[in-house]
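This report describes the fold, the packing and a few individual residues of one protein chain. The sequence and the model are shown first.

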Amino acid sequence: MSVIVRIPVPLQNLTGNQPTVQVEGTSVGEVLQHLEARHPGIAVSILDDRGQLRRFVNVFVNEDNVKTLGGEKAAVQDGDEISIIPAIAGGRL
């Protein structure tokens with residue numbers, strides 16, 4: 001299955017400044033593993049030491065948060081879009 005992964009700006013330097021990349025996989029975890037294989041170094045910003053999504057990173061399959069779909073085990077279909085969205089916090093108002 002081929003899916004499109006939307007890469008946040010802070011990580012685009014790892015994808016040759018590409019905002020989207022096409023990656024194969026049947027689950028979110030498999031897609032992220034293949035993303036790391038093609039773009040070494042990207043997983044450290046997305047996954048913790050156990051290979052699970054970092055708590056401050058939100059990942060969506062199409063418009064659904066993977067936390068409600070089973071996390072890394074969430075299935076993906078051909079043509080789905082995965083969006084990686086790091087949380088923004090801190091600073092003063």
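## Helix α1

In this predicted model, Gln-33 and Ala-37 are exposed on one side of helix α1. The other side is the buried one: in α1, which spans residues 28–38, the buried residues are Val-28, Gly-29, Val-31, Leu-32 and Leu-35. These buried residues lie on the same side of α1 because the arc they cover around the axis is only 160°. An α-helix has 3.6 residues a turn, so residues three or four places apart point the same way.

What do the buried residues of α1 pack against? Their partners are the strands β1 (2–6), β2 (20–24), β3 (57–61) and β5 (81–86), together with helix α2 (43–46).

## Overall fold

The chain contains two helices and five strands. Along the sequence they follow the pattern β-β-α-α-β-β-β.

The radius of gyration is 13 Å, which agrees with the value near 12 Å that a compact globule of 93 residues would have. Along the principal axes, the C-alpha atoms fill a box of roughly 45 × 30 × 25 Å. Of the 93 residues in the chain, 38% are buried. Among contacts between residues at least 6 apart in sequence, 48% join residues at least 24 apart.

## The sheet

The five strands form an open sheet with mixed pairing, in the order β2-β1-β5-β3-β4. Its edge strands are β2 and β4 (64–65), each of which pairs on one side only. Helix α1 packs on the sheet and touches β1, β2, β3 and β5; the direction of α1 makes about 115° with that of β2.

Strands β1 and β5 pair in the parallel sense, over three bridges. Here Val-5 stands opposite Ile-82 of β5. Strand β5 also pairs with β3, in the antiparallel sense and over five bridges, and in β5 it is Ser-83 that stands opposite Phe-60. Strands β3 and β4 are antiparallel too, with two bridges between them; Val-61 has Asp-64 in β4 as its bridge partner.

## Ser-83 in strand β5

Ser-83 belongs to strand β5. Is Ser-83 buried or exposed? Its relative accessible area is 15%, so Ser-83 counts as buried, the limit for buried being under 20%.

Leaving aside residues up to four places away in sequence, Ser-83 touches Arg-6, Asn-58, Val-59 and Phe-60. Among these contacts, Phe-60 is also the residue that stands opposite Ser-83.

## The nonpolar core

The largest nonpolar core has 23 residues, and those with the most contacts inside it are Val-5, Val-28, Leu-35, Ile-46 and Ile-82. At least two residues of this core come from each of β1, β2, α1, α2, β3 and β5. Which element supplies the largest share of this core? It is α1, with four residues.

Two of the residues with the most core contacts, Val-5 and Ile-82, stand opposite each other, Ile-82 being in β5. Val-28 and Leu-35 are among the buried residues of α1. Ile-46 touches Leu-11, Leu-32, Leu-35, Gln-52, Leu-53, Arg-54, Val-57 and Ile-84, when residues up to four places away in sequence are not counted. Among these partners, Leu-32 and Leu-35 are buried residues of α1.

## Residues in the loops

Gly-41 lies in the loop between α1 and α2. Its relative accessibility is 31%, so Gly-41 counts as partly exposed. With residues up to four places away in sequence set aside, Gly-41 touches Leu-14 and Glu-36. From Gly-41 to Ile-88 the separation is 47 residues in sequence and 21 Å in space, C-alpha to C-alpha.

Most residues other than glycine have a negative phi. Asn-17 has a positive phi, near 65°, and is placed in the loop between β1 and β2. At a relative accessible area of 57%, Asn-17 is exposed. Asn-62 likewise has a positive phi, about 55°, although it is not a glycine. Asn-62 is in the loop between β3 and β4 and is partly exposed, with a relative accessible area of 40%.

How values were computed:
Residues numbered from 1 in each chain as written. Predicted model: local features only at pLDDT ≥ 70, side-chain atom pairs only at ≥ 80, totals over all residues. Heavy atoms only, no water. Buried < 20%, exposed > 50% of the residue type's maximum accessible area, 1.4 Å probe, protein only. Arc of directions from axis to C-beta. Contact = heavy atoms within 4.5 Å. Pairing = 2+ DSSP bridges. Axes fitted to C-alpha atoms, helices over the stretch in contact; angles between N-to-C directions. Core = buried A, V, L, I, M, F, W, Y, C linked by side-chain atoms within 4.5 Å. Rg over C-alpha atoms; globule rule 2.2 N^0.38 Å.
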